[in-house]
Amino acid sequence: MFLPGDPPRSGRIAFWFPDGVTPPQANETLTVVRPHGTSARRREVRANAVPLAQALPVLVEARRTPGADPAAAFWGAAAVLALHLVARGKVLPGVSAGEFDAWRIGPYDDEDRQRLRALADAMPPEARAVPLEAAGTLELPQAEALLRSFLDAVADMLVRAPAGPAAAADRAWTAPEPQALTPRHRQWAAKVAAGLDTGIGVSLRIELPDADAFGQLLDGADLHEAEDEDDWQEDRFRAVVQLHHLGEGQVADAHEVWSRCGTTSGLFDAQARSEALLVIRRAARAWEPLARLLATAAPAAMELSDGEVGDLLGQGAAALAAAGVAVHWPKALVKQLLVRGVVEPAAKAASDMPALLSADTLLDFRWELTAGGRQLTAAEVTRIAEAQRPLVRLRDSWVLVDPQVLARAQDRRSRQFTAVEALGAVLAGRAEVGGEQVEVCAGGWLAELKERLADPEAHARREPLVQPAALNAVLRDYQLRGLSWMHQMTALGLGGCLADDMGLGKTIQLIGLHLLRQQDAATTGPTLVVCPTSLLGNWAREIEKFAPGTKVLRYHGSKRSLVGADEGFVLTTYTTMRLHAPDLAALSWGLVACDEAQHVKNAASATAKALRTLPARAKIALTGTPVENNLAELWALLDWTTPGLLGSLKAFRDQYARGAESGKDPHAAGRLAALIAPFLLRRKKSDPGIAPELPPKQETDHVVGLSKEQVALYEAVVRETLDKIRESEGIARRGLVLGLLSSLKAICNHPGQFLKQDQALALAQGSGRSGKLELLDELLDTILAEDRSALVFTQYVTMGRLIESHLAQRGIRAQFLHGGTTVAQREEMVDRFQDGQVPVFLLSLKAGGTGLNLTRAGHVVHYDRWWNPAVEDQASDRAYRIGQTQKVMVHRLIAEGTVEDRIAELLASKRALADAVLGGAGEEAFTELSDAELAAFVELRRVRG
């Protein structure tokens with residue numbers, strides 16, 4: 001039972017057993033009265049009475065405990081309600097019956113009252129047992145009154161803090177001990193809680209003094225038809241005081257309440273009127289003009305000057321709201337004046353959309369004012385400006401005029417946008433004008449173009465694309481949509497990034513685009529494809545297969561030449577393009593495409609700079625990973641395909657990248673997505689309807705232990721290198737950290753790799769030196785026994801050669817592709833593997849992780865871990881791509897308890913965010929760890945066996 005106290009915080013909770021058993025630590029004898037049918041019955045019990053602070057945790061738990069006593073469960077629910085109310089700041093200072101300081105719950109809003117009454121109605125009979133003196137009566141308290149006293153007691157106990165008396169310079173309402181109040185304290189508490197605790201509220205209703213004139217205005221009178229257009233300027237608004245009875249939901253004008261001053265009954269009785277006057281006095285301290293109301297005995301209404309109306313539209317209303325007084329404007333009669341920027345074709349430009357957007361196409365910026373969704377004319381804007389009033393009657397309504405909005409609309413600052421800049425501005429919904437970011441919308445044909453780009457599927461349905469007859473293949477639906485999208489973008493003079501997953505056929509879509517562009521004299525011309533060296537042969541084969549008869553020229557090697565490069569395809573590598581950019585720039589390219597475009601993700605690199613010097617009527621980037629580490633990479637790609645779309649790199653970082661990557665601006669990522677969506681087409685194998693014929697892919701992490709030799713090497717390297725790191729700084733320290741990570745990963749692979757032993761010596765020292773190599777043997781034995789093939793990736797050439805020699809000793813046919821493999825050798829290796837001549841294909845991750853079609857493999861083994869899951873996924877997709885008919889198993893080998901274990905944890909979290917913003921910079925990120933953090937990261941953790 002709850003035992004109320006004075007002050008309320010001294011109340012206690014008494015625990016006792018209904019069957020008369022004495023509870024542990026009983027400290028009080030109570031005479032209690034309990035409901036018994038329609039009457040009450042008194043009895044004496046032993047109880048354990050504890051302070052509220054001790055009882056609250058018990059009660060809160062009791063409400064969730066099966067079989068708990070109904071009274072304990074009820075007071076537990078009441079405790080939760082009290083905690084919620086206090087957490088919401090629903091507390092008021094007051095005075096207890098014994099003239100002590102006391103906090104109470106309040107004010108209650110309608111929802112709070114409903115919860116209070118519902119809980120009181122559910123109070124079980126046992127919860128109303130109360131202690132009585134021997135001479136007491138058998139009367140039980142009302143449920144709601146008892147519940148309120150409990151809530152007040154919890155509030156009075158919780159809101160006091162040890163530092164309260166010092167902070168407030170007063171012990172009243174701050175100290176835990178009871179404080180006897182003076183009249184000064186009681187007056188202060190009454191002013192603070194005026195109207196709130198009693199449920200009496202005050203608000204201001206703003207209205208015109210002449211309601212008839214206002215009615216005529218709404219019936220159709222127009223500003224331009226008035227006999228005297230200056231008459232309306234003399235209208236004065238009034239603030240009418242309204243009283244609210246929060247408990248009953250009743251509202252009445254103050255003059256009606258004051259007219260019944262002699263009555264003592266009704267909702268707004270003498271006490272309510274007194275509370276209302278206190279509220280008005282408090283509001284007058286918050287907004288000084290209200291002091292005029294207090295000059296009358298019955299404050300009911302006051303006229304407002306233009307300055308006061310303007311103040312109420314801004315800071316005045318906020319100040320009154322903080323004092324508990326709301327300001328109500330006539331919603332149906334007042335409309336807000338809004339301003340926005342409009343980007344539209346220049347007046348001298350044609351009204352129709354140009355066939356091709358170019359740098360010479362300029363668009364203008366202007367301000368536009370709207371009221372109630374309707375655009376205002378220049379004459380109306382001038383009339384509003386000349387009125388110089390915060391509220392202006394316009395057309396059929398009153399308009400709130402924000403001076404700042406009006407000033408912006410009259411600002412003649414302007415600028416011109418290129419077509420791509422304008423498109424980027426309206427897609428993002430904002431642009432920089434006069435050094436500040438403003439909201440903008442599209443006008444003229446720019447609005448039509450925005451809608452067209454925002455919904456390319458609708459445009460494709462209106463103008464369905466037929467694949468070119470020269471394409472020797474039947475495109476899948478998603479491939480035809482990709483071709484249609486690229487054709488639409490390049491036909492407009494725009495570029496784009498086709499970011500399909502590896503294996504979904506980006507190559508064939510680009511070949512189809514080339515053939516389409518040859519059908520139109522305006523877009524015909526040679527196509528330059530820039531790709532990694534390993535993909536030259538694949539591109540040549542794909543073109544010969546899907547576009548037979550199309551000329552293919554390889555601009556690579558010592559015998560390279562651009563003779564005859566005026567048609568068909570020209571294939572080159574990123575290195576060749578960088579070294580011979582002037583020669584390539586001398587030709588007029590119809591289309592330039594970058595395959596594996598992440599190679600130019602650094603806009604400051606020499607390769608990316610050389611690429612930007614190549615002239616082309618259209619540019620397309622092909623990549624499965626448009627963002628590997630940060631959003632600057634995305635900027636680099638799109639700024640090449642569509643220069644000017646994302647602005648400068650600095651502006652892009654300020655407006656989008658920093659906010660999106662840090663999470664500080666929750667809207668930055670959404671704004672960026674809206675801007676880039678038309679220029680980046682991203683499809684995944686897992687998307688519905690993309691590649692339903694692909695079999696499933698299963699990924700497994702294999703955790704292996706280190707050999708004794710590996711453990712000894714690992715711990716020695718950690719110990720010795722950490723000592724050196726602690727004594728170094730700057731570039732030297734970063735170099736040591738990177739060296740440490742590389743050494744530890746080598747040890748995890750095989751001691752021979754770390755010790756730089758040649759293959760013969762490393763293998764001659766016997767088996768059992770590497771847990772990974774032993775597990776690889778087990779995996780390959782199973783795979784080969786099932787007559788299947790496998791890809792084995794490692795990022796180290798030395799480890800690849802060691803594995804190659806090891807497999808040769810075991811009689812397993814294998815081949816190794818690495819950065820030194822020539823193009824011709826690559827093609828021969830791919831053919832041998834695909835034909836089933838070699839069941840195990842070893843590949844270095846950088847050289848073989850992209851561009852190869854190796855669907856013969858049903859298993860992919862990552863012998864060591866890369867720093868980015870996207871790179872590993874690309875490597876796995878050499879097997880998991882269109883044309884694969886068997887289930888693909890991906891195996892990742894991880895040395896248990898080592899730095900590889902921590903890398904695996906990091907990659908797991910990064911993979912979960914693969915479609916979001918990726919942060920970090922690979923191994924470089926770990927050079928910034930403190931000595932302690934680095935030691936914890938690389939330490940060898942013992943594993944219990």
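A residue counts as buried here when its relative accessible area is under 20%. Keep that cut-off in mind as you move through this predicted model.

**The whole chain**

Start by colouring the protein chain by secondary structure: there are 36 helices and 33 strands to find. Of its 945 residues, 50% count as buried. If you look at contacts with a separation of 6 or more, residues 24 or more positions apart account for 71% of them.

**Two cysteines**

Select cysteine 594. Is this residue buried or exposed? At 1% relative accessibility, cysteine 594 counts as buried, because that value falls under 20%. Now add cysteine 531, which holds the cysteine sulfur closest to that of cysteine 594. The two sulfurs are 9.5 Å apart, too far for a bond. A search of the whole structure, in fact, finds 0 disulfides. For another stop, jump to cysteine 441, which is also buried, at 17% relative accessibility.

**The seven-stranded sheet**

Next, select strand β25, residues 591-595. Strand β26, residues 619-622, runs parallel to β25, and 4 bridges join the two. To see the register, show alanine 593 and isoleucine 620 of β26, which stand opposite each other.

Zoom out to take in the open sheet of 7 strands, ordered β23-β24-β22-β25-β26-β21-β27 with parallel pairing. Which strands stand at the edges? They are β23 (552-555) and β27 (680-681); each has a single partner strand, so one side of each is left without a neighbour in the sheet.

**The six-stranded sheet**

Move along to another open sheet, this one of 6 strands, also with parallel pairing: β28-β33-β32-β29-β31-β30. Its edges are β28 (697-704) and β30 (814-817), and since each has a single partner strand, one side of each lacks a neighbour in the sheet. Turn the view along the sheet to follow the twist, which averages 20 degrees from one strand to the next.

Now pick out β28 and β33 (residues 888-895), a parallel pair joined by 8 bridges. Within this pair, valine 703 stands opposite isoleucine 894 of β33.

Two helices are worth adding to the view. Helix α34 (residues 869-876) packs on the sheet, where it touches β28, β29, β32 (857-862) and β33. The direction of α34 makes about 150 degrees with that of β32. Helix α31 (residues 797-809) lies across β29 (789-794), β30 and β31 (840-844), and runs at about 170 degrees to β30.

**Serine 707 and the start of α30**

From β28, step into the loop between β28 and α26 (708-726), where you will find serine 707. Serine 707 is buried, with a relative accessible area of 11%. Leaving aside residues up to four places away in sequence, serine 707 touches Gly768, Arg769 and Ser770. A polar atom of the serine 707 side chain lies 2.7 Å from the backbone oxygen of arginine 769.

Serine 770 leads you to helix α30: at the start of that helix, a side-chain oxygen of serine 770 reaches to within 3.3 Å of the backbone nitrogen of lysine 772.

**Along α30**

Select residues 771-785 to show all of α30, a helix of 15 residues. From first C-alpha to last, α30 reaches 21 Å, close to the 21 Å expected at 1.5 Å a residue. Its buried residues include Leu773, Leu776, Leu780 and Ile783. In an α-helix, residues three or four places apart point the same way. Finish just after α30 at aspartate 787, which takes a positive phi of about 60 degrees.

Definitions and conventions. Residues are numbered from 1 along each chain as its sequence is written. This is a predicted model: local features need pLDDT of at least 70, side-chain atom pairs count only at pLDDT 80 or more; totals for chains, interfaces and linings use all residues. Side-chain values use heavy atoms; hydrogens and water are left out. Two strands pair if DSSP finds at least two bridges between them. Axes are lines fitted to C-alpha atoms, for helices over the stretch in contact, and angles run from 0 to 180 degrees between N-to-C directions. Contact means heavy atoms within 4.5 Å. A disulfide is a pair of cysteine sulfur atoms within 2.5 Å. Buried means under 20% relative accessible area, exposed over 50%, partly exposed in between (1.4 Å probe, protein chains only). The expected span of a helix is 1.5 Å times one less than its number of residues. A polar contact is a pair of N or O atoms within 3.5 Å; within protein, one must be able to donate a hydrogen and the other to accept it, and residues adjacent in sequence count only if both atoms are side-chain atoms.
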